[in-house]
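Here are my notes on the model you sent, set out point by point. I begin with the core and work outwards to the helix, the strand pairings and the overall form.

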Amino acid sequence: MNQPRRPFRINVGFLINQPIGFSREIAFSFEQYHFQNDGKTEDLSGTITLIRTQTGVEAVMDFSALVDAQCVRCLEDFKQPLHTTFQELYTFSQEPISEEDEESIPEDGYLDFEGTIHDYIFLEYPIKPLCKPDCRGLCIVCGQNLNAAACEHAGQK
Ligand SMILES: [Zn+2]
Ligand SMILES: [Zn+2]
């Protein structure tokens with residue numbers, strides 16, 4: 001499936017006429033998805049749940065994806081799974097909002113969640129990616145990948 005243009009741009013304007021607590025879930029699934037600000041993912045899937053609040057919309061987002069990574073121990077490339085859950089508040093009020101951490105919903109009703117999803121999902125990227133939790137790494141003497149086979153230096157310090 002080709003990547004659609006701006007699939008995360010959603011019209012939330014219809015919610016203004018819905019009762020508080022009304023919710024709608026939108027599901028997404030892409031074999032590959034390349035974020036505009038340069039994040040390549042595979043198997044990107046998740047949901048955006050839009051909930052009518054007193055003043056606007058709460059968007060609850062739950063996304064997972066696989067991204068390219070290199071193991072810090074054995075230096076093999078692997079697919080790092082990432083998962084994030086977060087929520088954001090948006091208000092129908094066009095008044096400037098001072099203290100609350102809310103964004104205004106534009107008059108056309110469209111919100112584009114792409115940048116937010118990108119940022120949150122890549123926040124989950126580990127500082128030290130490991131191909132598996134018990135990766136045995138490389139032999140410091142001969143460089144043998146110890147996940148694949150032992151070498152003669154096993155047990156030496
Ligand atoms: Zn590894
Ligand atoms: Zn060795």
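**Notes on the core, the helix and the strands**

1. In this predicted model, the largest nonpolar core is made up of 19 residues, and those with the most contacts inside it are Val57, Ala59 and Phe113. Two or more residues are given to this core by each of β3 (39-52), β4 (56-70), β5 (77-91) and α1 (114-123), with β4 supplying the largest share, namely five residues.

2. Phe113 deserves a separate look while the core is on the screen. Once its neighbours within four places in sequence are left aside, Phe113 is in contact with Phe8, Ile10, Ile48, Ala59 and Met61; of these partners, Ala59 is itself among the core residues with the most contacts.

3. Which residues of α1 are buried? They are Ile117, His118 and Ile121, and because they cover an arc of only 100° around the axis, they lie on the same side of α1. The cover over these buried residues includes β2 (23-35), β3, β4 and β5, whereas the face of α1 turned away from the buried side carries Gly115 and Leu123, both exposed.

4. The strands β3 and β4 run antiparallel and are joined by nine bridges, with a hairpin of three residues leading from β3 to β4. Within this pairing, Thr49 has Val60 of β4 as its bridge partner.

5. The pairing of β4 with β5 is likewise antiparallel, and here 15 bridges join the strands. Val57, already noted as one of the core residues with the most contacts, stands opposite Tyr90 in β5. The hairpin of β4 and β5 has six residues between the strands, and in that hairpin Leu75 takes a positive phi near 65°, a backbone value that you may wish to look at in the display.

6. Taken as a whole, the protein chain has one helix and seven strands, which follow one another along the sequence as β-β-β-β-β-β-β-α. The radius of gyration is 22 Å, well over the 15 Å that the globule rule gives for 157 residues, so the protein chain is more spread out than a compact globule. Its C-alpha trace spans about 70 × 40 × 25 Å along the principal axes.

7. Two further figures belong beside that description. Of the 157 residues in the protein chain, 16% count as buried, while residues 24 or more positions apart account for 59% of the contacts with a separation of 6 or more.

Note on methods. Residues numbered from 1 in each chain as written. Chains lettered and ligands numbered in written order. Predicted model: local features only at pLDDT ≥ 70, side-chain atom pairs only at ≥ 80, totals over all residues. Core = buried A, V, L, I, M, F, W, Y, C linked by C-beta atoms within 7 Å. Buried ≥ 20, exposed ≤ 12 C-beta atoms within 10 Å, placed from the backbone. Helix = DSSP H or I, 4+ residues; strand = E, 2+ residues; numbered from the N terminus. Contact = placed C-beta atoms within 7 Å. Rg over C-alpha atoms; globule rule 2.2 N^0.38 Å. Arc of directions from axis to C-beta. Pairing = 2+ DSSP bridges.
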